[in-house]
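I sat down with this model to look up strand pairing, aromatic contacts and one arginine. My notes follow in the order I made them.

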Amino acid sequence: AVLADRGATTDDGLWLTAVGGDHPEVDGENDRFARSIPMEKALEDCILAYEMNGEALPPEHGHPVRLLVPGWYGVNSVKWVTELHVTETMVHGEEWADRDGDDFTRWQQSSYRIHPEGVEPESNATISTYDTWDQLESDEIDHPYTFDENVKSTIGRPADGATVTPREDGVVEIVGVAWAGDDEVTAIEVSTDGGDSWREGEFFGPNYDCAWRLFRDAWEPSPGTYTLVSRATDERGRRQPVRIAGPDEDADGEYPWNEGGYAENASLPHAVEVTVE
């Protein structure tokens with residue numbers, strides 16, 4: 001509605017660039033926080049939020065206005081929005097790299113990119129796929145951008161390091177959440193032996209677009225110490241890898257190591273150690 005009111009062009013292939021009011025200092029230089037998202041996504045389900053729970057948006061959440069981009073990594077949901085630009089490219093090029101003495105490109109083109117240590121990613125004017133996993137598998141983009149969230153899950157109960165006592169029926173309930181960004185989570189598996197064997201868990205509760213799904217598993221353990229792990233699969237059949245490859249290793253089915261740890265979705269690093277009495 002805001003774009004229509006201003007007579008903005010909203011064709012597919014264009015980008016919506018949001019500029020935040022923050023001026024983060026990096027390596028002694030002042031930057032402006034700016035992110036570009038494809039127009040298709042902006043019109044599909046994004047909102048400009050100015051209230052939360054019936055009250056004005058608090059400053060820590062981006063007052064007076066924040067861009068919310070459902071199902072995408074939080075860096076895309078720009079806080080303290082001061083400007084919106086309809087552009088043919090992402091924030092890219094000299095006009096954005098030095099605008100009134102500030103660099104507007106860092107948080108799109110350098111930070112929050114998936115790359116090895118010490119690598120400065122090449123700046124791209126535009127890309128053809130916004131799915132982070134697809135970018136990882138594509139030859140088009142050397143160092144993917146963090147847009148759509150990769151499929152992932154985590155166990156919330158029992159907590160890591162907890163000592164638990166089964167209920168009268170012998171059950172310890174394992175509960176967690178799983179998500180896959182723009183895609184739907186279609187399967188969840190749980191392991192109680194560190195990933196050596198798996199069984200299907202159960203989803204419960206509402207199933208909203210771009211939101212996480214609650215899952216549970218009724219576990220009947222004997223006394224001892226266990227390593228609990230979960231792994232989710234999305235509607236495209238993409239399942240969480242087991243581990244993160246080392247800095248000098250070929251990923252080969254594992255999640256590629258990257259300097260920022262961005263978009264990491266391996267299952268084993270999020271294992272939970274539990275002692276059953």
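How many bridges join β13 to strand β17, and in which sense do the two run? I noted first that the model is predicted. I then counted six bridges between β13 and β17 (residues 224–234), and the two strands run antiparallel. I picked out one position there: I188 stands opposite A232 in β17.

I looked for further partners of β13. Strand β14 (residues 199–200) pairs with β13 over two bridges, in the antiparallel sense. On the β14 side, R199 is the bridge partner of V190.

Is β13 largely enclosed or not? I checked burial along residues 185–191, and five of the seven residues are buried, so the rest of the structure largely encloses this strand.

Next I turned to the aromatic rings. Searching the whole structure gave me 11 aromatic pairs. One of them is W72 with F147, a tilted pair with 5.2 Å centre to centre and 40° between the planes. I placed W72 in the loop between β8 (66–68) and β9 (81–87). F147 I placed in the loop between α5 (132–137) and β10 (152–157). The two residues are 75 apart in the chain, so I wrote the pair down as a link between distant parts of it. Both W72 and F147 are buried.

I also looked up W107 and Y112, which form a tilted pair at 6.2 Å centre to centre, with 45° between the planes. Are these two buried or partly exposed? W107 has a relative accessible area of 14% and is buried. Y112 is at 27%, and because buried means under 20%, I entered Y112 as partly exposed.

I then listed an aromatic cluster made up of W15, W72, Y130, Y145 and F147. One member has a charge over its ring: the charged end of R113 sits over Y145, 3.8 Å from the ring centre. I found R99 over the face of F104 as well, at 4.8 Å from the ring centre.

My last entry is on R238. Where is R238 placed? I found R238 in the loop between β17 and β18 (272–276). R238 is buried, at a relative accessible area of 10%. Its side chain makes a polar contact of 3.1 Å with the side chain of D131. Leaving out residues up to four places away in sequence, I listed what R238 touches: D131, W133, D134, V151, D183, A232 and T233. A232 is already in my notes, as the residue opposite I188.

Conventions
Residues are numbered from 1 along each chain as its sequence is written. This is a predicted model: local features need pLDDT of at least 70, side-chain atom pairs count only at pLDDT 80 or more; totals for chains, interfaces and linings use all residues. Side-chain values use heavy atoms; hydrogens and water are left out. Rings of Phe, Tyr and Trp (its six-membered ring) pair if their centres lie within 6.5 Å; planes under 30 degrees apart count as stacked, over 60 as edge-to-face and the rest as tilted. Helices (H or I, at least four residues) and strands (E, at least two) are DSSP runs, numbered from the N terminus. Buried means under 20% relative accessible area, exposed over 50%, partly exposed in between (1.4 Å probe, protein chains only). A charge sits over a ring if NZ of Lys or CZ of Arg is within 6 Å of the ring centre and within 35 degrees of the ring normal. Two strands pair if DSSP finds at least two bridges between them. A polar contact is a pair of N or O atoms within 3.5 Å; within protein, one must be able to donate a hydrogen and the other to accept it, and residues adjacent in sequence count only if both atoms are side-chain atoms. Contact means heavy atoms within 4.5 Å.
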